[in-house]
Amino acid sequence: MGRRKLDGVLLLDKPVGPSSSAVLQAVKRLLNADKAGHAGTLDPLASGLLPLLFGESTKFAQFGLDAAKEYVAEVRLGAATDTGDAEGQVVERRPVEVDEKRLAEALDRFRGEITQVPPMYSALKKDGQPLYALARAGQTVEREARLVTIHEMEMVSRKEDLLRLRIRCSKGTYVRQLAADLGLALGTVAHLAALRRTAVAGLRLAQAVTLDDLQALGEAARLAWLLPPDRLLEHLPRVDLEAPQAGHFLNGRAVRLPGVAQGPVRVYQAGALLGVGESGPAGELQPARLIARA
């Protein structure tokens with residue numbers, strides 16, 4: 001049976017255990033879809049919102065990758081692991097003597113723009129080799145610190161040495177490294193005990209379906225979970241073009257559009273998504289990613 005062309009976004013509540021790629025392939029088979037991708041991986045340890053993209057929606061994956069993400073993270077104080085999370089081996093233990101005042105002060109230090117050294121257990125590459133592969137071989141290499149933004153970080157609960165935090169952060173933020181750095185700031189060590197992603201841009205976990213529930217549904221009910229391609233773009237400003245401008249835009253030509261904020265915008269004509277454009281300082285809207293025309 002041939003694969004079918006589907007266009008849209010499916011919001012999946014990824015379980016702990018499988019990789020994002022494995023979950024994507026499972027859903028792709030369930031929908032018998034031709035082309036699929038996702039808007040940002042979750043580690044096997046992590047669960048939560050994984051936007052799966054089908055057909056034309058895959059063109060907009062980068063806008064999901066670039067968007068702010070929200071997580072609920074459990075941070076275990078007093079123990080550091082070689083991976084920075086609960087899957088690793090404990091390599092150091094320190095006593096925990098942290099009162100509420102000290103904890104509040106430490107959390108405040110990590111809000112806003114901060115520098116973060118990516119962990120060795122990450123997919124970043126050094127001389128073509130993923131850092132996690134080097135780490136598994138017992139190697140440690142120098143990593144350059146990067147600027148990331150912690151938009152929000154608040155305490156949800158604390159049970160002895162286990163902190164539950166809600167974190168809204170920019171792309172490129174490693175929550176496992178944030179956990180480790182927070183532990184050091186508190187005069188101890190720490191690792192990421194659990195992680196659940198609750199939002200990507202304007203998309204929320206409450207809108208998602210679990211893999212088990214999706215598997216239990218019939219074909220029509222599964223397809224009903226497929227949202228329009230522009231759902232991943234709702235955090236971008238919207239621009240509506242008249243027919244002549246839309247024609248130029250779809251043919252790959254810039255259109256004059258003064259007064260539009262600079263940066264990426266989602267572009268429509270007569271209610272239909274045309275794609276994403278980039279608005280520049282001169283008032284010109286350049287096509288960036290276009291929806292294929294039938």
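This is a short talk on one sheet and two pockets in a protein model.

Okay, hi everyone. Before anything else, keep in mind that what we're looking at is a predicted model.

Let's start with the sheet. How many strands does the open sheet have, and in what order do they sit? There are five, and going across you read β15, β17, β18, β19, β16, with mixed pairing. At the edges you find β15, residues 238-240, and β16, residues 255-256, and each of those pairs on one side only.

Now zoom in on β18 and β19. Strand β18 covers residues 272-279, β19 covers 284-290, and the two run antiparallel, joined by five bridges. If you want a spot to click on, try Gly 277, which stands opposite Pro 287 in β19.

Right, on to the pockets. The largest pocket has a volume of about 1,100 Å³. Its lining is made up of 35 residues, and the ones nearest the centre are Thr 41, Leu 42, Asp 43, Ala 123 and Tyr 174. Several elements give two or more residues to that lining, among them α1 (20-31), β4 (69-77) and α5 (175-185). The largest share, three residues, comes from β12. What's the mix by class? It's 15 nonpolar, 10 polar and 10 charged.

Then there's the second largest pocket, with about 310 Å³ of space. Here 15 residues do the lining, and Thr 81, Asp 82, Gly 84, Gln 177 and Ala 180 lie nearest the centre. Which element gives the largest share this time? That's α5, with five residues. By class, this lining splits into seven nonpolar, four polar and four charged.

That's my tour, thanks!

Key: Residues are numbered from 1 along each chain as its sequence is written. This is a predicted model: local features need pLDDT of at least 70, side-chain atom pairs count only at pLDDT 80 or more; totals for chains, interfaces and linings use all residues. Side-chain values use heavy atoms; hydrogens and water are left out. Two strands pair if DSSP finds at least two bridges between them. Helices (H or I, at least four residues) and strands (E, at least two) are DSSP runs, numbered from the N terminus. On a 1 Å grid over the protein atoms alone, a cavity is a set of points where a 1.4 Å probe fits but cannot get out, and a pocket is an open set with protein on both sides within 12 Å along at least five of seven lines; lining residues have an atom within 4 Å of a point. Grid points are joined across faces, edges and corners, and a volume is the space filled by probe spheres set on the points. Ala, Val, Leu, Ile, Met, Phe, Trp, Tyr, Cys and Pro count as nonpolar, Asp, Glu, Lys and Arg as charged, and the others, Gly among them, as polar.
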